[in-house]
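I opened this notebook to follow how the strands are paired, and I keep each entry short.

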Amino acid sequence: MRGEASCPKCGGRVSAPGLFTDSWQCGEHGTVYPLQPVLPPSVEALGVVVNRARVPVWMPWPLPVGWLFTGVSYAGDDRSGGRATAVACSGPGPLGGLGELLLIAEELGVGLGARYAGITGPDPGPRMCVDRPPQAKVHAAGRPTPLWHVEDAPEDRAVFAGEARGMWLWAIVWPEQSGLLMYDDLVLADLREAGAEVELVPCGALSPHILA
């Protein structure tokens, strides 16, 4: 688990605001929103991210049968608020074995989703064929939301992306065959609107994929 903030685009060390700059700086990417340490799965951890997020905190709700919440992180600080959020869930894969799903909401240019997707970023647009029918659809906060395959991702995962509430929505699934999960009309809730229902989220062991 990370013990300090890092660059959401590359995972490298970032410099905190100081005498000569009022923003976080990455040696490779310049000004960034700092990626905070990953929080182990708990209702309290979700509360921390939900209370700081300025973008949706997406989670399948209700979770598919046998699935658990397995980690959360966000990019931003106390001044900027959370400008990207990442929520991990794990459970039985559609074809057997363990499946893992990472949902990322982020503002344009943050780059967290591209990093988890294993592609150069910061945004998925150049790798999405939006002139073709979407390959998957979810219901995000009650609205049908098309998602397209993101090309050039590593073969061990399936990557989808689209737009919801004016932000990028990434859905990254391991292993690649578990991408079938995205064809089941998943219902996503923005946990900022869930209220007391957040306390009902079942928690599992920390996902290794959210630590990448």
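I looked up G162 to find its bridge partner in β11, and the partner is L169. The coordinates come from a predicted model, and I read each pairing below with that in mind.

I then widened the view to the two strands involved, and found that β10, residues 158-164, runs antiparallel to β11 and is joined to it by seven bridges. The connection between β10 and β11 is a hairpin with two residues between the strands, and in that turn R165 has a positive phi of about 55 degrees.

Next I asked which other strand pairs with β11 in the antiparallel sense over seven bridges, and found β7, residues 98-106. Within this pairing I noted L101, whose bridge partner in β11 is V173.

I also checked whether β11 is buried or exposed. Eight of the eight residues of this strand, 167-174, are buried, so β11 is largely enclosed by the rest of the structure. For this step I took buried to mean under 20% relative accessible area.

My last entries concern another part of the chain, where three strands form an open sheet in the order β1-β2-β3 with antiparallel pairing. The edge strands there are β1 (14-15) and β3 (30-32), each of which pairs on one side only. Looking at β2, residues 24-26, I found three bridges in the antiparallel sense to β3, and I noted that Q25 stands opposite T31 of β3. As background, I wrote down that strands of a sheet pair through backbone hydrogen bonds, either parallel or antiparallel.

Conventions:
Residues numbered from 1 in each chain as written. Predicted model: local features only at pLDDT ≥ 70, side-chain atom pairs only at ≥ 80, totals over all residues. Heavy atoms only, no water. Pairing = 2+ DSSP bridges. Helix = DSSP H or I, 4+ residues; strand = E, 2+ residues; numbered from the N terminus. Buried < 20%, exposed > 50% of the residue type's maximum accessible area, 1.4 Å probe, protein only.
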